[in-house]
Amino acid sequence: MPISERDETHLPKWTKWLDLSDRALAVLLLAPAALLLSLIIVYPVARLIYTSFFSLSLTSGLPAEFIGLENFALMIDDPVFWETLWNTVLITIITVPGALIVGMALALLANLPFATQWPVRLSLLIPWALPLSFAGLIFAWFFHSQYGVVNDVLVRLGFEGIIWFNSPNWAFAAICLTIIWKTSSFMALMILAGLQTIPRSLYEAADVDGAGRIRQFFEITLPLLKPSIVVALIFRTITALQTFDIPFMMTAGGPGTSTATLAMYIHQNTVSFLDLGYGSALAVVMFALSMAVTAVYLRIIRAKD
Amino acid sequence: MNSKSLKGLALCASILGFSIPAHAADTELKIFVSSQHHPEVWRKTFDQYEARTPGVKITIEPGGNTSEAQAQYLNTVMSAKDTTLDVLMLDVIRPAQYAAAGWTSEFQAKDIEKFLPTYTEANTVDKKVVAVPAFADAMFLYYRKDLLDKYGVQPPKTWDELAAAAKKITEGEGRPDLQGLSFQGKAIEGAVCTFLLPYWSQGKTLVENGKLNFDHAAAVKSLSLWKSFVDNGVAKKNISEVATDDTRKEFQAGNVVFAINWSYGWSSFQGKDSAVVGKVDVARLPAVAGGDQATCLGGWEFGVSAYSKHQEEAKKFVGYISSPEVSKYMAVNGALLPTYADLYTDADVVKAAPWFANALPVVETAKARPVTPRYNEVSETIRTTVNAVLAGVTSPEEGATQIEARLKRILR
């Protein structure tokens with residue numbers, strides 16, 4: 001008997017509500033997650049964009065006033081905005097590939113058949129588990145011009161000590177080194193997980209065929225690692241665009257504003273200056289930047305499928 | 001009215017009678033106290049107030065160790081209109097901003113008249129009294145009496161004299177770790193004063209009636225002066241890394257001839273961890289050639305939160321903790337400078353801190369940093385520029401132009 005001809009008259013009427021189509025069921029099951037996401041993501045982002053069109057400074061004592069795109073116009077004339085934006089992009093360009101290369105090396109090292117695995121794994125985890133601000137503080141002391149270990153080593157090797165945080169370039173270098181140290185272990189963990197999914201038999205086959213170690217790396221390891229690398233890169237790039245803690249603790253943006261990032265400038269405008277309108281407009285720019293980068297990566301992944 | 005209802009009334013009255021004092025005992029005032037200014041000594045004065053005001057209980061909410069940390073915390077709490085804090089102890093640069101944001105409630109004009117006039121001025125915005133002073137402070141020139149005597153040098157009256165004296169002493173001593181002058185070059189609040197000292201000394205003001213009154217030439221001269229100290233070796237090369245407490249530590253370790261710092265340095269320099277006990281004296285900060293000696297006004301103020309549910313009680317409490325009695329107690333036991341002129345010569349105060357007698361003219365002539373609701377932005381602009389100039393990233397000329405351009409935007 002076809003389903004459509006089924007006699008439903010003997011069932012109570014309310015059971016009709018239980019007989020959901022697949023689509024309705026899907027909507028019902030997704031609703032809690034969608035509701036939660038809209039509360040914690042959609043609403044704040046929408047509110048942020050809304051606030052960016054207002055002049056809203058708590059220190060002015062004036063009520064919020066709709067000013068259209070004026071905050072964004074101010075931004076174009078604001079040299080500090082451009083400087084912090086450029087610094088952010090530069091940190092991303094330097095530290096993302098840096099962390100990838102170091103992380104890859106660490107992952108390959110950790111993947112070697114050690115007799116006891118846990119000390120290697122643990123030492124990989126520690127930088128990742130350390131809070132960012134602690135890492136910033138620790139490295140600020142490492143690079144201290146008088147009491148720091150880096151200058152101590154330099155002097156012992158016969159070089160002259162560097163006043164790291166006195167020059168924009170050295171300060172920038174110190175920050176990038178710290179970020180690479182801090183984030184490469186996350187990269188390594190992601191890549192290590194990928195490495196362990198590669199079947200050993202592929203390497204054995206390559207050995208039989210006479211392929212050397214380097215050839216094996218480029219022909220087997222790298223292509224099979226691509227998905228793990230892309231995912232790791234997405235996460236790393238987005239966190240690089242939001243860099244805040246490490247420069248905040250190490251240089252607080254100095255000397256001058258030469259190592260300040262966009263996230264620090266947003267924090268300064270909203271938390272220190274209480275200028276929520278301008279701060280929101282800056283945050284909208286950062287949001288757009290993160291979205292754009294994610295879109296590019298997602299495109300790369302999709303192209304591979 | 002029969003006897004029964006009378007009895008009932010009496011019963012009600014007695015219940016009410018008991019319950020009113022019991023209810024009043026619940027008035028709990030919470031005061032936000034900066035952690036670096038001896039909360040434990042303040043506590044003793046709060047105990048006094050509790051003892052003489054039955055029904056009021058005071059609890060302390062400790063703030064952070066720096067003015068910046070406290071401001072960050074208070075910005076969040078006050079934006080959230082938190083009702084739990086009643087009284088706030090605020091760095092002198094904050095009351096104007098908090099009043100503009102509507103975070104503090106106004107005092108009456110008579111509450112402020114009895115204090116040192118500099119504080120009356122610093123706590124009055126548009127003729128409204130926004131806070132009352134807790135204790136005074138100013139920047140001083142600390143110097144090594146023993147070294148100045150050894151080389152027959154008088155305490156300098158001008159910055160040029162200071163540079164010459166520093167050169168003479170550091171060269172004579174021949175110790176590579178001895179610095180001529182230590183001041184604040186890191187991008188912190190202290191660097192704002194660093195910029196303003198020689199600027200003010202040229203008779204210029206930064207803000208007049210809420211409007212920018214910037215003198216470009218004076219600003220260039222101020223920034224050039226500090227940069228020249230770095231270039232001539234009067235100050236150390238990494239002065240752009242030096243914060244207020246670094247100056248204190250280095251002077252205390254005996255590695256500095258002249259140091260610019262707040263009054264808190266004195267008790268550390270005479271403390272048991274100090275290498276310079278009995279070798280230190282204090283003077284007014286020097287002037288630029290042909291200018292007046294000028295210094296930066298510090299100190300902390302009491303404000304009453306606009307969101308406090310105990311406005312009357314909180315103001316009464318502030319009345320007590322800002323009284324001459326408490327100011328004297330804090331001077332004697334906490335080494336905090338008094339907010340009343342006559343206390344500087346008070347026998348007990350002078351006995352506890354002999355140098356306070358010389359501090360009065362400094363505090364009396366100290367200048368307040370710009371009183372504006374957007375002070376944080378003004379401060380940020382000045383301190384990052386001073387830092388950039390000292391690090392050699394920006395020239396004094398460019399620095400002055402940058403400060404002017406940014407301040408114009410902030411104080412438009």
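Contact here means heavy atoms within 4.5 Å. By that rule, 13 residues of domain 1 of chain B are in contact with 14 residues of domain 2 of chain B. The model is predicted.

The automatic or database assignment behind these two domains splits each of them along the sequence of chain B. Domain 1 covers 15–137 + 297–365, and domain 2 covers 140–295 + 374–410. Their centres, taken over C-alpha atoms, lie 29 Å apart. Together the two domains of chain B bury about 1400 Å² between them. Carbon and sulfur atoms account for 61% of that area. On the domain 1 side, three residues stand out: B:Ile93, B:Trp355 and B:Val362. They supply 42% of the area that domain 1 buries against domain 2, more than any other three residues.

Polar links across this boundary were also counted. One salt bridge is found between domain 1 and domain 2 of chain B. A salt bridge joins B:Arg383 to B:Glu68, with the closest N and O atoms 3.8 Å apart. The cut-off for a salt bridge is 4 Å, so a pair at 3.8 Å qualifies. Four residue pairs are in polar contact across the interface of the two domains, with both residues at pLDDT 80 or more. Two elements of chain B give two or more residues to the side of domain 1 that touches domain 2: strand E14 (297–305) and helix H15 (356–365). H15(B) gives the most, with three residues.

The interface between the chains comes next. Here 27 residues of chain B are in contact with 28 residues of chain A. The two chains bury about 2100 Å² between them, 50% of it on carbon and sulfur atoms. B:Gln72, B:Glu241 and B:Arg409 supply 24% of the area that chain B buries against chain A. No other three residues of chain B supply more of that area.

One salt bridge is counted between chain B and chain A. B:Arg409 forms a salt bridge with A:Asp78, and the closest N and O atoms of this pair are 3.9 Å apart. That distance falls within the 4 Å limit, so the pair counts as a salt bridge. B:Arg409 thus appears both in this salt bridge and among the three residues that lead the buried area of chain B. Nine residue pairs are in polar contact between chain B and chain A, again with both residues at pLDDT 80 or more. Four helices of chain B give two or more residues to the side that touches chain A. They are H3 (67–79), H4 (95–100), H16 (375–390) and H17 (396–410). The largest share comes from H16(B), with seven residues.

Within chain A, an unreviewed UniProt entry lists residues 85–297 as "domain: ABC transmembrane type-1". Over these residues the chain is 77% helix and 0% strand. The end C-alpha atoms of this stretch are 21 Å apart.

Several backbone features of chain A were examined. Two of them lie in the loop between helix H10 (245–250) and helix H11 (262–272), which holds A:Pro255 and also A:Ala252. A cis peptide bond joins A:Gly254 and A:Pro255, with omega about -5 degrees. A:Ala252 has a positive phi, near 55 degrees, in a residue other than glycine. A:Ala252 is partly exposed, because its relative accessible area of 49% falls between the 20% and 50% limits.

A:Leu274 also has a positive phi near 55 degrees. This residue sits in the loop between H11 and helix H12 (276–304) of chain A. A:Leu274 is buried, because its relative accessible area of 4% is under 20%.

Back in chain B, B:Glu28 lies in strand E1 (residues 27–33). B:Glu28 is partly exposed, with a relative accessible area of 42%. Leaving aside neighbours within four places in sequence, B:Glu28 is in contact with B:Lys57, B:Thr59, B:Asp86 and B:His310. The C-alpha atoms of B:Glu28 and B:Ala314 are separated by 9.6 Å, although the two residues are 286 residues apart along the chain.

Conventions: Residues are numbered from 1 along each chain as its sequence is written. Chains are lettered from A and ligands numbered from 1 in the order in which they are written. This is a predicted model: local features need pLDDT of at least 70, side-chain atom pairs count only at pLDDT 80 or more; totals for chains, interfaces and linings use all residues. Side-chain values use heavy atoms; hydrogens and water are left out. Buried means under 20% relative accessible area, exposed over 50%, partly exposed in between (1.4 Å probe, protein chains only). UniProt positions are given in the numbering used here, feature names are shortened, and annotations may be inferred rather than shown by experiment. Buried area is the accessible area (1.4 Å probe) that two parts lose on being put together, summed over both. A salt bridge is a side-chain nitrogen of Lys or Arg within 4 Å of a carboxyl oxygen of Asp or Glu. A polar contact is a pair of N or O atoms within 3.5 Å; within protein, one must be able to donate a hydrogen and the other to accept it, and residues adjacent in sequence count only if both atoms are side-chain atoms.
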